[in-house]
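Hi,

Here is the structure I promised to pass on. Have a look at it first, and then read my notes below.

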Amino acid sequence: MADTTPEGAPAADSATASAIPSAPAVLTTAPGYQVRRLYQAHLAGWLRTVGPTLTGPQFAVLTTVGASPGCDQSSLAAAVALDTSTMADLARRLEDRGLLERRTAAADGRRKLLFLTTEGEKALREADARARELNERLLAPYEPADRERLLRELTALADDWERLSTES
């Protein structure tokens, strides 16, 4: 008599049980699936190379504030592709860590203007070098012209998908 699982189905043999299934074509041909794989790989590379001190979105916020000190929180959210509630939470956490300063705009008490602190500038400098190293590793297989083309295509894809996500 064959071995059975508690549910009464035949037990899988050890070769089948240890085999890793392949993703079916319905997944591998789906752009969202491939984008998710890229994101997961990038996140793992980010954690190994840049470290857990700053997340990608936190790095994006600090980089943008560094480039545009005094920008308002809502405009910054749009610039770094975050919704306003996520941006508010992220800015509050960066402020709590002493990396960012939020000041109320004189002309409009509801607007928060963002500035890097000295500690924020230091954290950004340290993370920036490692982020550039990661970018170089990710793009290493490509010639300079191919890198430019790839980044143009990725940007166009992101722009198109963002537009699609707002259509009714």
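Helices and strands here are DSSP runs, with at least four residues for a helix and at least two for a strand, numbered from the N terminus. With that in mind, the order along the sequence reads α-α-α-α-α-α-β-β-α-α. In total that gives eight helices and two strands. Please keep in mind that this is a predicted model.

A couple of figures for the whole chain: it has 168 residues, and 23% of them count as buried. If you take the contacts with a separation of 6 or more, 47% of them are between residues 24 or more positions apart.

Now for the helix packing. Two packed helices are described by the angle between their axes and the distance between the axes. I have two pairs to show you.

The first pair is α3, residues 31-49, and α7, residues 118-139. Their axes are 9 Å apart, and the packing angle is about 135°. That angle makes α3 oblique to α7. The crossing of α3 past α7 is right-handed. If you want to find the contact on screen, α3 brings H42, G45, W46, R48 and T49, while α7 brings R130, A131, E133, L134, R137 and L138. Sorted by class, the contact between α3 and α7 consists of four nonpolar, three polar and four charged residues.

The second pair is α4 and α6, the latter covering residues 84-96. Here the axes come within 11 Å and cross at roughly 80°, so α4 and α6 are roughly perpendicular to each other. On the α4 side you will find P57, Q58, V61 and L62, and they meet M87, L90, R93 and L94 of α6. The class count for the contact of α4 with α6 is six nonpolar, one polar and one charged.

A few single residues are also worth clicking on.

Start with D72, which sits in the loop between α4 (56-67) and α5 (73-79). Is D72 buried or exposed? D72 counts as buried, because its relative accessibility is 13% and the cut-off for buried is under 20%. A polar atom of the D72 side chain lies 3.2 Å from the backbone nitrogen of S74. Leaving out residues up to four places away in sequence, D72 touches R111, K112 and L113.

Next comes A81, in the loop between α5 and α6. A81 is not a glycine, yet it has a positive phi of about 60°. A81 counts as exposed, since its relative accessibility is 55% and exposed means over 50%.

The last two residues are both in α8. R147 is placed in this helix and counts as buried, at 18% relative accessibility. Which residues does R147 touch, not counting those up to four places away in sequence? They are E136, L139, A140 and Y142.

T166 is found in α8 too, a helix that covers residues 144-166. T166 is exposed, with a relative accessible area of 65%. Its side chain reaches the backbone oxygen of R163 at 2.9 Å.

That's what I have for now. Shout if anything is unclear.

Cheers

Conventions. Residues are numbered from 1 along each chain as its sequence is written. This is a predicted model: local features need pLDDT of at least 70, side-chain atom pairs count only at pLDDT 80 or more; totals for chains, interfaces and linings use all residues. Side-chain values use heavy atoms; hydrogens and water are left out. Axes are lines fitted to C-alpha atoms, for helices over the stretch in contact, and angles run from 0 to 180 degrees between N-to-C directions. Angles under 35 degrees count as roughly parallel, over 145 as roughly antiparallel, 65 to 115 as roughly perpendicular and the rest as oblique. A crossing is left-handed if the near helix is turned anticlockwise from the far one by less than a right angle, and right-handed if clockwise. Contact means heavy atoms within 4.5 Å. Ala, Val, Leu, Ile, Met, Phe, Trp, Tyr, Cys and Pro count as nonpolar, Asp, Glu, Lys and Arg as charged, and the others, Gly among them, as polar. Buried means under 20% relative accessible area, exposed over 50%, partly exposed in between (1.4 Å probe, protein chains only). A polar contact is a pair of N or O atoms within 3.5 Å; within protein, one must be able to donate a hydrogen and the other to accept it, and residues adjacent in sequence count only if both atoms are side-chain atoms.
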